[in-house]
Amino acid sequence: MTGTNNPAPRLRAEDLTLSYDQRTVATHLGVDIPDRSFTVIIGPNACGKSTLLKALARMLKPRHGQVYLDGAAIASYRSREVARRLGLLPQSSTAPGGITVGDLVARGRYPHQGMLKQWSAEDEAAVVEAMRQTGVLDLADRPVDDLSGGQRQRVWLSMVLAQQTSLLLLDEPTTFLDIAHQVEVLDLCAELHARKGHTVVAVLHDLNQACRYATHLIVMRPGGTIAAEGAPADVMTAELVEDVFGLPCRIIDDPETGTPLMVPAAPKRFPHEDTEGGAPAAADTVMAEPR
Ligand SMILES: Nc1ncnc2c1ncn2[C@@H]1O[C@H](COP(=O)(O)OP(=O)(O)O)[C@@H](O)[C@H]1O
Ligand SMILES: [Mg+2]
């Protein structure tokens, strides 16, 4: 399994079949998550990104194949041990009714607690630091139910950060966030990756953000197969985007970063209904708002 120059990464999936009851989402799916990478997974809706992430975090048992974590089958670990090594931000979660932000984030410390271990200064510091990093410290005493979608998303991320794992799996961490907060969260992930050497795996929808932040890009296609993977500059082509998303586009250089920038082809112009009895007013209204 391990080449001499290429030791197995901490997290890898081999020949997975992933299913929900009768619905099979993926077969023969294998991925290696390069250690200390910022890996971004992209792909169209329902292609199986969340399902793959769940399998990598042992939230979904593969029907066939194995996920390996630190050299052992992930199924062989106790759940607390998995949670000490790997944190998952699921695509959606429901907070217990009435819980405050501080108490929810504190639940991220669960894997570090034990029957004999009391809440420590270290636990408290981890919780405060995680809330500070995601900008929710001011919200600590507020009920989670009262927050906006974007605030809530940052609270969940905070809970995962409080877990203090060096492997982070984040399913659409930027959902619900305005553009400034999206950049803030991605910058934070990039910092954890660059400064602390954490391995970050994130599902993103914005291909240009994916190309900016990813050191390793995994492109999934409908049917749960891998269409391409590698450095964004090597992977992101107009052909790939058209093939996987069905979207004609151009790829140019991002003027800020030099990474691939995907520009969708201009929308088709509807033939202008002339004055001869059509409905010009309605057609004009459509044309005036191309987005
Ligand atoms: N809990 C579930 N039960 C049954 N089918 C599911 C469940 N979750 C996801 N699916 C189906 O599995 C497929 C992949 O879903 P998902 O991994 O969530 O896609 P993505 O994250 O790429 O949008 C979809 O067809 C979806 O409808
Ligand atoms: Mg998903």
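**Close-up views of a predicted model**

**View 1. Helix α1 gives the largest share of the shell around ligand 1, 3 residues.** The model shown here is predicted. Eleven names make up the surroundings of ligand 1: Y20, R23, V25, G43, N45, A46, C47, G48, K49, S50 and T51. Two elements, β2 (23–33) and α1, each give two or more residues to this shell. Sorted by class, the shell holds 4 nonpolar, 5 polar and 2 charged residues.

**View 2. An open sheet is built from 6 strands.** Read across the sheet, the order is β6-β7-β8-β3-β9-β10. The pairing is mixed. Which strands stand at the edges? They are β6 (86–89) and β10 (225–230). Each has a single partner strand, so one side of each is left without a neighbour in the sheet. From one strand to the next, the twist averages 15 degrees.

**View 3. Strands β6 and β7 run parallel.** How many bridges join β6 to β7? There are 4, and β7 covers residues 167–171. One pair to find is L88 with its bridge partner in β7, L169.

**View 4. Helix α6 packs on the sheet.** This helix spans residues 179–196. It touches β3 and β8. The direction of α6 makes about 155 degrees with that of β8.

**View 5. Helix α1 lies across five strands of the model: β3, β6, β7, β8 and β9.** The helix covers residues 49–56. In sequence, β3 is 38–42, β8 is 199–203 and β9 is 216–221. Helix α1 runs at about 155 degrees to β7. K49, S50 and T51 are also among the residues around ligand 1.

**View 6. The largest nonpolar core has 71 residues.** Which members touch the most other members? They are V40, L56, V105, L169 and A210. Helix α5 (residues 149–162) gives the largest share of this core, 7 residues. In soluble globular proteins, nonpolar side chains tend to be buried together. Now pick out L56. Leaving aside neighbours within four places in sequence, L56 is in contact with L11, A13, V67 and L169. L169 is also the bridge partner of L88.

**View 7. The whole protein has 10 helices and 12 strands.** Its C-alpha atoms fill a box of roughly 85 × 50 × 45 Å, taken along the principal axes. Of its 291 residues, 34% count as buried. Now take the contacts between residues at least 6 apart in sequence: 62% of them join residues at least 24 apart.

How values were computed
Residues numbered from 1 in each chain as written. Chains lettered and ligands numbered in written order. Predicted model: local features only at pLDDT ≥ 70, side-chain atom pairs only at ≥ 80, totals over all residues. Pairing = 2+ DSSP bridges. Axes fitted to C-alpha atoms, helices over the stretch in contact; angles between N-to-C directions. Contact = placed C-beta atoms within 7 Å. Buried ≥ 20, exposed ≤ 12 C-beta atoms within 10 Å, placed from the backbone. Near = placed C-beta within 6 Å. Nonpolar A, V, L, I, M, F, W, Y, C, P; charged D, E, K, R; others polar. Core = buried A, V, L, I, M, F, W, Y, C linked by C-beta atoms within 7 Å.
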